[in-house]
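Trainee: I would like to go through a protein structure step by step. Can we do it by question and answer?

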Amino acid sequence: VNREWWYFTSVFSSGSDLPGWTISISINHMARNDIFGKPDMLIATIQDPNGKTYGGIVERERPLLGILREPSLVAEGSDKGFKVTFEDSYVQGVAPNWRVYINQKDIDDKNNIVIDLQYFAPSSGFWLFNSRILDKSDSNTGSYMFTGCEVKGTIVLNGFTYRVDGIGHHEHTWTSALITKNLINGWDLCHIKLNNGWNIYYNKYYILPQYKATTATKINPFANLIITTDQGETVTILENLDIKILESDKLFVLLNIPIKTKVTATSAVTQIILDPYDIVLDLNIEADNTYWHEWKFPSYVGTKIGRCSVSGSITWKDDKDHNVDLAGIGTIWNIRH
């Protein structure tokens, strides 16, 4: 394993001190050639509904074989759980409980931020992909996620303490040294909290370079869309995805990052059990408050992390026809290179 990240998000509830705000946190152990020079990083961004962003990205060089100094990122695991430490910040726990504590003074030079959140997953996790049929946790490439997590805790902004609660998401992904930067040209991750209480998780890994804003991939071997109406106890997984990037911003001369994405997912053809229900999901995902970061020469990597607005509909058939309008707030993490 030469690349690993731990990812936590949340959309805060209307009853919290920060209603409608979102948070995205990730500790990343990247391959040395992903972003030259500083492959260990901490990401923590907080977005409000009015366009204000707090936080950012902190990068650290990884010492060669631990010579001269200790690494900034240290991961430890056992049967009792795991702890990943990045200087004074850490994530720690074992399913279904985790603590996320962020106290990194140089992550935002304009604002002082301390984040202390507890995550509880009321339902089991889901494997998104892995390289083994059995003993999946021993895969050298794998990813699992918990959706519908109950989140509560405090956020301190510039000396003011805010009590927050909401619904969140936890994802843990790792890859072997055989998967190089050139094999994956970017990804989109999106956790959506709908107004009706449903949660949707969507991801897409891009094998081919995405040179144009309108580029779409009809065949998606590395894409997932999971819907849950009860915080993960029951799920519907739609495998037939059509993804269109409707609008994007230019990062570099030949590289764009999406602003508006349309995702159409159906149960047709490939899913025999679901096919009679004729499920059709249409989602419009629009970034409305995000933190941007670019790594120029020689890496040429760009990322966008933050808050998005979601609208759309879902239809299906059983003993009658159903048509449900969808609206909500989500968190997105887009990377292109």
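The questions below go from the whole chain to single residues and then to the space inside.

Trainee: How many helices and how many strands does the protein chain have?
Mentor: Bear in mind that this is a predicted model. The secondary structure of the protein chain consists of strands without helices, since the counts are 0 helices and 22 strands.

Trainee: What share of the residues in the protein chain is buried?
Mentor: A residue counts as buried when its relative accessible area is under 20%. The protein chain has 337 residues, and the buried part of them comes to 53%.

Trainee: What part of the exposed area of the protein chain do carbon and sulfur atoms supply?
Mentor: The area that the protein chain exposes is about 15,700 Å². Of that area, carbon and sulfur atoms supply 53%.

Trainee: Among contacts between residues at least 6 apart in sequence, what percentage joins residues at least 24 apart?
Mentor: A contact here needs heavy atoms within 4.5 Å. Among the contacts between residues at least 6 apart in sequence, the part that joins residues at least 24 apart is 57%.

Trainee: How many disulfides are there?
Mentor: The rule asks for two cysteine sulfur atoms within 2.5 Å. By this rule, the number of disulfides is 0.

Trainee: Why is Cys-308 not bonded to Cys-190?
Mentor: Cys-190 is in no disulfide, and its nearest cysteine sulfur belongs to Cys-308. Both residues are buried, Cys-190 at 3% relative accessibility and Cys-308 at 0%. There is no bond because the sulfur of Cys-308 is too far from that of Cys-190, at 4.0 Å.

Trainee: Which peptide bond is cis, with omega near 15°?
Mentor: Look in the loop between strand S7 (89-94) and strand S8 (97-102), where Pro-96 lies. The cis bond with omega near 15° leads into this proline, running from Ala-95 to Pro-96.

Trainee: Is Glu-87 buried or partly exposed, and what is its relative accessible area?
Mentor: Glu-87 sits in the loop between strand S6 (81-86) and S7. Its phi is positive, near 55°, although the residue is not a glycine. Glu-87 is partly exposed, and its relative accessible area is 33%.

Trainee: What is the phi of Gln-231?
Mentor: Gln-231 belongs to the loop between strand S16 (223-228) and strand S17 (236-237). With a relative accessible area of 23%, Gln-231 is partly exposed. Gln-231 is not a glycine, yet its phi is positive, at about 60°.

Trainee: How far apart are the C-alpha atoms of Asp-278 and Lys-317?
Mentor: Asp-278 is in the loop between strand S19 (255-266) and strand S20 (280-295), and is partly exposed at 36% relative accessible area. Leaving out residues up to four places away in sequence, Asp-278 touches Ser-267, Thr-315, Trp-316 and Lys-317. Although Asp-278 and Lys-317 are 39 residues apart along the chain, their C-alpha atoms are separated by 6.1 Å.

Trainee: Which residue is 34 residues from Lys-152 in sequence and 5.5 Å from it in space, C-alpha to C-alpha?
Mentor: Lys-152 is in strand S11 (residues 142-157) and is exposed, at 58% relative accessibility. Beyond its neighbours within four places in sequence, its contacts are Asp-116, Leu-117, Gln-118, Val-164 and Asp-165. The residue at 34 places in sequence and 5.5 Å in space is Gln-118.

Trainee: Which residues does Lys-250 touch, not counting residues up to four places away in sequence?
Mentor: Lys-250 is part of strand S18 (residues 240-252). Its relative accessible area is 54%, and a value over 50% counts as exposed. With residues up to four places away in sequence set aside, Lys-250 touches Leu-255 and Asn-256.

Trainee: How much space lies in the largest cavity?
Mentor: Rolling a probe the size of a water molecule over the atoms shows where empty space is left. The count of cavities of 30 Å³ or more is 2. The space in the largest cavity is about 100 Å³.

Trainee: How many residues of the lining of the largest cavity are nonpolar, polar and charged?
Mentor: The lining has 14 residues, and Pro-258, Thr-261, Ile-285, Ile-332 and Asn-334 lie nearest the centre. At least two lining residues come from each of strand S13 (186-194), S19, S20, strand S21 (301-317) and strand S22 (321-336). By type, the lining divides into 9 nonpolar, 2 polar and 3 charged.

Key:
Residues numbered from 1 in each chain as written. Predicted model: local features only at pLDDT ≥ 70, side-chain atom pairs only at ≥ 80, totals over all residues. Heavy atoms only, no water. Helix = DSSP H or I, 4+ residues; strand = E, 2+ residues; numbered from the N terminus. Buried < 20%, exposed > 50% of the residue type's maximum accessible area, 1.4 Å probe, protein only. Areas by Shrake-Rupley, 256 points an atom, 1.4 Å probe, with all protein chains shown as cover. 1 Å grid on protein atoms, 1.4 Å probe; cavity = no way out; pocket = protein on both sides within 12 Å on 5 of 7 lines; lining within 4 Å. Points joined across faces, edges and corners; volume = space filled by probe spheres on them. Nonpolar A, V, L, I, M, F, W, Y, C, P; charged D, E, K, R; others polar.
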